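Please read the following report with the model open beside you, and look up each residue as it is named. The text begins with the place where the chains meet and then turns to the parts of each chain.

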Amino acid sequence: MTLYLYGIIDSSDPIKESLYGLEGAGVYNVSFCDIGAVVSEISQPIQNVTEVAILEHETVIEKLMANFVVLPARFQTIIDGRDNLRSIMQSCYKDFKENLARVRNRLEFGIKVIWPADKVKENIIQTLKEGRPWPAEPDCSANKRFIRGKLETYQINEKFKKKANKFIDAMDIFFSKFAAEKKLKRLKTENLLLDAVYLVEKNKESDFRDAFEHIKSAHEGFKFLFSGPWPPYNFVILPKKNDLLKESEKKDLFDKVIQHREPVGAREIWQ
Amino acid sequence: MAINSVVETDFPEEFVEEIEKSQDILPRKIDANPKNVEKGLAKLVLTLIELIRKLLEKQAMRRVEAGSLSDEQIENVGETLMKLENKMEELKEIFGLKDEELNLNLGPLGNLM
């Protein structure tokens, strides 16, 4: 049986609400100790990445977030049978628990900023020319002319990056006041100055939005995109494949399984 | 109740364009098959050579800027870098590769160049 994974939740209880996921399949919780993997059964791997399928995946996660802490799985996460799921849950249990604790009561927000890159570059060239002219040397060799051209490009690019970092740092200081964690991508393209995600405490959501509005109004000529709240897709830190449990941790986990057998019911752990 | 995610911007088209541009830099997988394996291999090798060439160039520029190279050294560096660049252009033309293709997606680490 192939399982489609939506995410890991902080509960081993069955999902009370009727949830339907990809291709209308029923969604249920496969529990392990005190956490669960929310899955649906699929007959074959998703062949086409369609907007509808992505939204179905996202909707399940968002609905789960109303009642649980969720570690969202990446779209198209397929697990081949319950045994494999059990093995993943067992080996990653500690990491799942740590991640669930990290993202509890926190939401992800995205911020993207486009800046006027052409204008910035023009200003840099102008400033460099005014500050230190680059006169053409008629007797200069081809090799030296080549180096001079490269040096000009190098200096422009370095100043461009420096300027970008200055803007990004100024914005980030402001956003970071209200964020627990962040991930920044600088200058993904020349125009896309910042592509950032912030993990924000639920009770600071409004402050974070205000900070965004403040930064937006203070940067004329820049274009902003604000998105969220999202499930914390970018803040789930998964272990490496070989990062398996130590013997002592296996024993702890075994004890936990025993502890949870009574209330959950041995049958329910993996059914 | 869902969490009601929103995307707010006055410039949706510009953002779509930039995001597509950043994703189009290179494919996540190398499309290698018997027909294009030579080109695929050349792309990989030339990407690594290009990376080293750019690092060399950057290091040279730092030294030129700092004034730590003599006239003779600048001549030599200029000649070397120029020849390297010309050779790379030749190789790119032979294998039908464009500048933007000489890159590698390193997953969470981002792009190689």
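## Where the chains meet

The contact takes 25 residues from chain B and 27 residues from chain A, where two residues are in contact if their C-beta atoms, placed from the backbone, lie within 7 Å. On the side of chain B that touches chain A, the elements that give two or more residues are strand 1 (6-9), helix 1 (12-24), helix 2 (37-66) and helix 3 (71-94) of chain B; helices (H or I, at least four residues) and strands (E, at least two) are DSSP runs, numbered from the N terminus. Helix 3 of chain B gives the most to this side, with seven residues. By residue type, the side of chain B that touches chain A divides into 13 nonpolar, four polar and eight charged residues. Here Ala, Val, Leu, Ile, Met, Phe, Trp, Tyr, Cys and Pro count as nonpolar, Asp, Glu, Lys and Arg as charged, and the others, Gly among them, as polar.

A word on the model itself is needed early: it is predicted, local features need pLDDT of at least 70, side-chain atom pairs count only at pLDDT 80 or more, and totals for chains, interfaces and linings use all residues. Residues are numbered from 1 along each chain as its sequence is written, while chains are lettered from A and ligands numbered from 1 in the order in which they are written.

## A sheet shared by both chains

Five strands form an open sheet in the order 7(A)-8(A)-6(A)-9(A)-1(B), and their pairing is antiparallel; two strands pair if DSSP finds at least two bridges between them. The edge strands, each of which pairs on one side only, are strand 7 (181-186) of chain A and strand 1 of chain B. Neighbouring strands of this sheet are turned by 10 degrees against each other on average, direction ignored, with axes taken as lines fitted to C-alpha atoms, for helices over the stretch in contact, and angles running from 0 to 180 degrees between N-to-C directions.

The table lists antiparallel strand pairs, some from this sheet and some that involve strand 1 of chain A.

| Strand pair | Bridges | Residues opposite each other |
|---|---|---|
| Strand 9 (223-230) of chain A and strand 1 of chain B | four | A:Ser227 and B:Val7 |
| Strand 6 (106-114) and strand 8 (192-201) of chain A | nine | A:Ile111 and A:Ala196 |
| Strand 1 (2-9) and strand 3 (35-42) of chain A | seven | A:Leu3 and A:Glu41 |
| Strand 1 and strand 5 (78-80) of chain A | three | A:Tyr4 and A:Ile78 |
| Strand 1 and strand 4 (70-72) of chain A | three | A:Ile8 and A:Leu71 |

Strand 9 of chain A also holds A:Pro229, and the peptide bond that leads from A:Gly228 to A:Pro229 is cis, with omega near -5 degrees.

## The helices of chain B

Chain B comes to three helices and one strand, and from the N terminus on its elements run β-α-α-α. Helix 2 and helix 3 of chain B pack at an angle of about 160 degrees, with their axes 11 Å apart. These two helices of chain B are therefore roughly antiparallel to each other, given that angles under 35 degrees count as roughly parallel, over 145 as roughly antiparallel, 65 to 115 as roughly perpendicular and the rest as oblique. The contact of helix 2 with helix 3 of chain B divides into 10 nonpolar, no polar and four charged residues.

## Buried places in chain A

Seven of the eight residues of strand 1 of chain A are buried, so this strand is largely enclosed by the rest of the structure. A residue is buried if 20 or more other C-beta atoms, placed from the backbone, lie within 10 Å of its own, exposed if 12 or fewer, and partly exposed in between.

In helix 2 (residues 81-103) of chain A lies A:Asn99, which counts as buried because it has 21 C-beta neighbours inside 10 Å. A:Asn99 touches A:Leu71, A:Val236 and A:Ile237, not counting residues up to four places away in sequence.

A:Cys33, in the loop between strand 2 (28-32) and strand 3 of chain A, has a phi near 50 degrees, a positive value in a residue other than glycine, and it counts as buried with 22 C-beta neighbours inside 10 Å.
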